[in-house]
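Subject: Structure handover

Hi,

Here is the structure you asked about. Please open it alongside this note; my findings follow below it.

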Amino acid sequence: MKVAAIQMVSSANLPENLACAARLIDQAAQAEARLVQLPEYFCQIGLHETDKFAIAETFGDGEIQALLAGKAKQHGIWLAGGSIPLRTEHAGKVTNTSLLYGPDGEVLARYDKLHLFSYQDGCHDIDERRTMQAGSEIVTAQTALGRVGLSICYDLRFPELYRSMPSVDLLLVPSAFTESTGRAHWEVLLRARAIENQCYVLAAAQGGTHASQRRTFGHSMLIDPWGEVLALLPAGEGIVVGDMHPQRLRAVRSSLPALAHRRIPLFSGLAG
């Protein structure tokens, strides 16, 4: 069962980004991928953090969602729409939302990013809390490829999110990791999530220099339940395609049944 991660270097121009996404989705479908994932912010990485307000859509309506639904139905694939900004009841806040479409073009699951990124290093000042509203629910969905767990970028640093999910066969991690944090932590965190949850991890990333001069790390990849990297694209736009094998999942879980051995001791307070 082939899956594909799309890597982009999204600009501030919405039509340009949608055209690129459509072309790469077509390419992944031609490679016989049954599930295709776009990166975080595939529709826009703007010059300013408030640029997302201009393209934010109402859930269930808008050209970004129409593209995703149309491509899923056109190719008969499961399509994970990276992340897009959706309007909230607060004028100055949007959600960072990942929508999973089924082969019929209908939304199967909606996940709003739980953990909002903040990073300051003297050169960068990023704080998603200024413009985003955090989600509140853990989301998984049943597909023809097995149960899929949804997450977005910074969520990757919080293993308790993934352990709170029912057993999943595939974790989706659309991202726009910065160059510096990606170089230090991206692969090791992805491999850890695959190993500790004994599942495949598909990570679609932004990978290049954007209009704001922000640099993203790229390295979109597919990782198996043993933590082995099966496919990787270091930088630039393109696709990563690899296979999920149900027998590999069963073999890892039966030979080392760590999930079945998991115990959560009760905290009894500090001694002394």
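β8 supplies the largest share of the lining of the largest pocket, with 3 residues. Bear in mind throughout that this is a predicted model. Two elements each give at least two residues to that lining: α2 (52-55) and β8 (125-127). In total, 33 residues line the largest pocket. Nearest its centre lie Tyr41, Ile45, Glu49, Ile126 and Arg214. The lining is mixed: 14 of its residues are nonpolar, 9 polar and 10 charged. The space in the largest pocket comes to about 610 Å³.

Next, the nonpolar cores.

The largest nonpolar core holds 45 residues. Which of them touch the most other members? They are Leu35, Leu156, Leu170, Trp186, Leu190 and Leu202. Take Leu190 as one of these. Setting aside residues up to four places away in sequence, Leu190 touches Leu156, Val173, Val201, Ala203, Met221 and Ile223. Leu156 thus appears in both lists. There is also a second, separate core, of 28 residues. Its members include Ala4, Cys43, Leu67 and Leu68.

Two single residues are worth a look on your screen.

Start with Lys71, which sits in helix α3 (residues 63-75). Is Lys71 buried or exposed? Its relative accessibility is 11%, so Lys71 counts as buried; the cut-off for that is under 20%. Residues up to four places away in sequence are again left out of its contacts. With those excluded, Lys71 touches Ala22, Ile25, Asp26, Ile77 and Leu79.

Then go to Thr88. You will find Thr88 in the loop between β4 (84-87) and β5 (94-101). Thr88 is buried too, because its relative accessible area is 18%, which falls within the same cut-off of under 20%. What does the side chain of Thr88 reach at 2.8 Å? That partner is the backbone oxygen of Lys93. A polar atom of the Thr88 side chain also lies 3.0 Å from the backbone nitrogen of His90. Apart from neighbours within four places in sequence, Thr88 is in contact with Lys93, Val94, Thr95 and Gln133. Lys93 therefore features twice for Thr88, as a contact and through its backbone oxygen, with Thr88 buried at 18%.

That is the handover. Send any questions back to me.

Best wishes

Terms used:
Residues numbered from 1 in each chain as written. Predicted model: local features only at pLDDT ≥ 70, side-chain atom pairs only at ≥ 80, totals over all residues. Heavy atoms only, no water. 1 Å grid on protein atoms, 1.4 Å probe; cavity = no way out; pocket = protein on both sides within 12 Å on 5 of 7 lines; lining within 4 Å. Points joined across faces, edges and corners; volume = space filled by probe spheres on them. Helix = DSSP H or I, 4+ residues; strand = E, 2+ residues; numbered from the N terminus. Nonpolar A, V, L, I, M, F, W, Y, C, P; charged D, E, K, R; others polar. Core = buried A, V, L, I, M, F, W, Y, C linked by side-chain atoms within 4.5 Å. Buried < 20%, exposed > 50% of the residue type's maximum accessible area, 1.4 Å probe, protein only. Contact = heavy atoms within 4.5 Å. Polar contact = N/O pair within 3.5 Å; in protein donor to acceptor, adjacent residues only side chain to side chain.
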